[in-house]
Amino acid sequence: MTAELLLVGGYAAADRPGIHALDFDQATGALTPRGSLAGVANPSFLVVHPNRRWFYAVGETSQASGAPGSVWACGLERAPLALRAVNQQPSGGDDPCHLLLDAAGGWLIVSNYSSGSVGVLPILPDGSLGELTDLAQHRGSGPNPARQEGPHAHSATLTPDGRFVIVADLGLDQLLVYALDRAAGKLIPHGQAAARPGAGPRHMAFHPGGRRAYVANELDNTVAMYDYDAASGALRELQALDTLPAGAPESYVADIHIAPSGERLYVSNRGHDSLAVFDVAPDGRLDRAAIRPCGGRWPRNFALAPGGRFALVANQHSDELAALPLPGGPQAVGEPVARAAAAGAACVQVVGAAD
């Protein structure tokens with residue numbers, strides 16, 4: 001087994017390191033700091049370009065704080081390892097919280113949570129970001145007056161065939177389907193699917209088979225399974241299960257990932273501070289297998305390490321990344337074997353084999 005390079009983003013002031021690079025040992029789970037980058041305020045979500053030389057970060061700020069949201073292009077240099085900011089562009093709204101690269105790595109899609117909008121930015125030949133080419137503004141509200149007073153675009157997910165972009169809007173209880181015009185960098189409305197009222201869809205993951213999609217619903221603490229028709233781009237909910245045990249304290253679902261084998265699904269619970277683990281049947285239906293501690297407090301985002309032996313959990317309120325073994329069976333998730341400090345840890349991305 002080899003070491004993998006990781007990038008961790010979090011909530012930190014611009015004058016403090018908010019992006020960290022670490023080596024992850026696939027055999028032992030050990031985490032070794034390699035470097036960091038300051039200069040970006042609240043880089044709470046990152047995405048790595050397929051060439052592994054560039055990565056992109058949100059600047060999760062708002063007009064209310066004196067700085068509208070932004071998106072940053074960054075360089076990742078090897079031998080020796082170095083992180084550097086390249087340029088930034090406005091995200092088109094407040095509190096950008098998620099980034100998605102199209103399949104070819106030519107366009108970056110940003111979800112602006114507080115504004116309820118989704119923007120498209122071109123990636124230029126040198127990896128820098130061009131100006132917005134489109135901004136799709138959502139409208140409406142949901143039944144929860146405290147959290148769904150307006151649209152809140154929370155993430156964008158590419159369908160397995162690359163034809164559509166699906167945006168989970170927490171405020172509208174909707175999954176909005178767009179076609180991406182790759183020539184012009186435009187989002188073309190194609191359709192939508194309703195979540196249950198008050199569910200608050202946040203993040204989404206497709207089964208490797210491509211016929212099923214799973215949505216982490218933040219507000220009602222459920223994971224929903226959808227049938228996906230690739231020909232039409234239509235989604236239909238078939239199942240929803242709780243991610244928390246009965247009597248759990250106030251908690252909010254965050255991230256969702258499925259094992260490459262398609263046999264297990266993982267969802268993080270902030271507040272209960274756990275990972276809910278589900279077995280996936282051949283037809284895609286879920287059965288809750290376990291709910292295990294996440295190794296810290298407020299697991300905002302996590303990644304399944306290559307090889308499937310570890311979960312890497314960004315525990316925001318613990319200010320750290322934790323490596324937890326995934327032994328399989330009823331135990332499902334073990335105790336942390338390693339930790340690494342990262343202020344306001346909110347996102348972890350696997351870059352690839354460390355040099």
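**Notebook: an all-strand count, one sheet and one ring pair**

I began with the secondary structure of the protein, and I noted 0 helices and 28 strands. I am reading a predicted model, and I keep that in mind for each entry below.

**Overall form.** I looked up the radius of gyration next: the protein has 19 Å, which agrees with the value near 20 Å that a compact globule of 355 residues would have. I then took the extent of the C-alpha trace, and along its principal axes I noted a span of about 45 × 45 × 35 Å.

**Burial, surface and contacts.** I checked how much of the protein is covered, and 58% of its 355 residues count as buried. For the accessible surface I wrote down a total of about 13200 Å², with 51% of that area belonging to carbon and sulfur atoms. I also looked at the contacts with a separation of 6 or more, and I found that residues 24 or more positions apart account for 48% of them.

**One sheet.** I turned to an open sheet of 4 strands, where I read the order as β3-β2-β1-β28 and the pairing as antiparallel. The edge strands of this sheet are β3, residues 31-37, and β28, residues 345-353, and each of them pairs on one side only. From one strand to the next, I noted a twist that averages 25 degrees. As a reminder to myself, strands of a sheet pair through backbone hydrogen bonds, in either a parallel or an antiparallel way.

I followed one pairing in this sheet in more detail: strand β2, which covers residues 19-25, pairs with β3 in the antiparallel sense over 6 bridges. Here I could place two residues across from each other, with alanine 21 standing opposite glycine 35 in β3.

**Aromatic rings.** I looked for ring pairs and arrived at a count of 3 aromatic pairs. In the pair of phenylalanine 206 and tyrosine 228, the ring centres are 5.2 Å apart and the planes stand at 75 degrees; an angle over 60 counts as edge-to-face, so I entered the pair under that heading. The pair links distant parts of the chain, since phenylalanine 206 belongs to strand β16 (residues 201-206) and tyrosine 228 to strand β18 (residues 222-229), and the two residues are 22 residues apart.

Are these two residues buried or exposed? Phenylalanine 206 has a relative accessible area of 13%, and because buried means under 20%, I count phenylalanine 206 as buried. Tyrosine 228 is at 2% relative accessibility, so by that cut-off I count tyrosine 228 as buried too.

Notes. Residues are numbered from 1 along each chain as its sequence is written. This is a predicted model: local features need pLDDT of at least 70, side-chain atom pairs count only at pLDDT 80 or more; totals for chains, interfaces and linings use all residues. Side-chain values use heavy atoms; hydrogens and water are left out. Two strands pair if DSSP finds at least two bridges between them. Axes are lines fitted to C-alpha atoms, for helices over the stretch in contact, and angles run from 0 to 180 degrees between N-to-C directions. The radius of gyration is taken over C-alpha atoms; the globule rule is 2.2 Å times the number of residues to the power 0.38. Buried means under 20% relative accessible area, exposed over 50%, partly exposed in between (1.4 Å probe, protein chains only). Contact means heavy atoms within 4.5 Å. Accessible areas come from the Shrake-Rupley method with a 1.4 Å probe; for residues, only the protein chains shown count as cover. Rings of Phe, Tyr and Trp (its six-membered ring) pair if their centres lie within 6.5 Å; planes under 30 degrees apart count as stacked, over 60 as edge-to-face and the rest as tilted.
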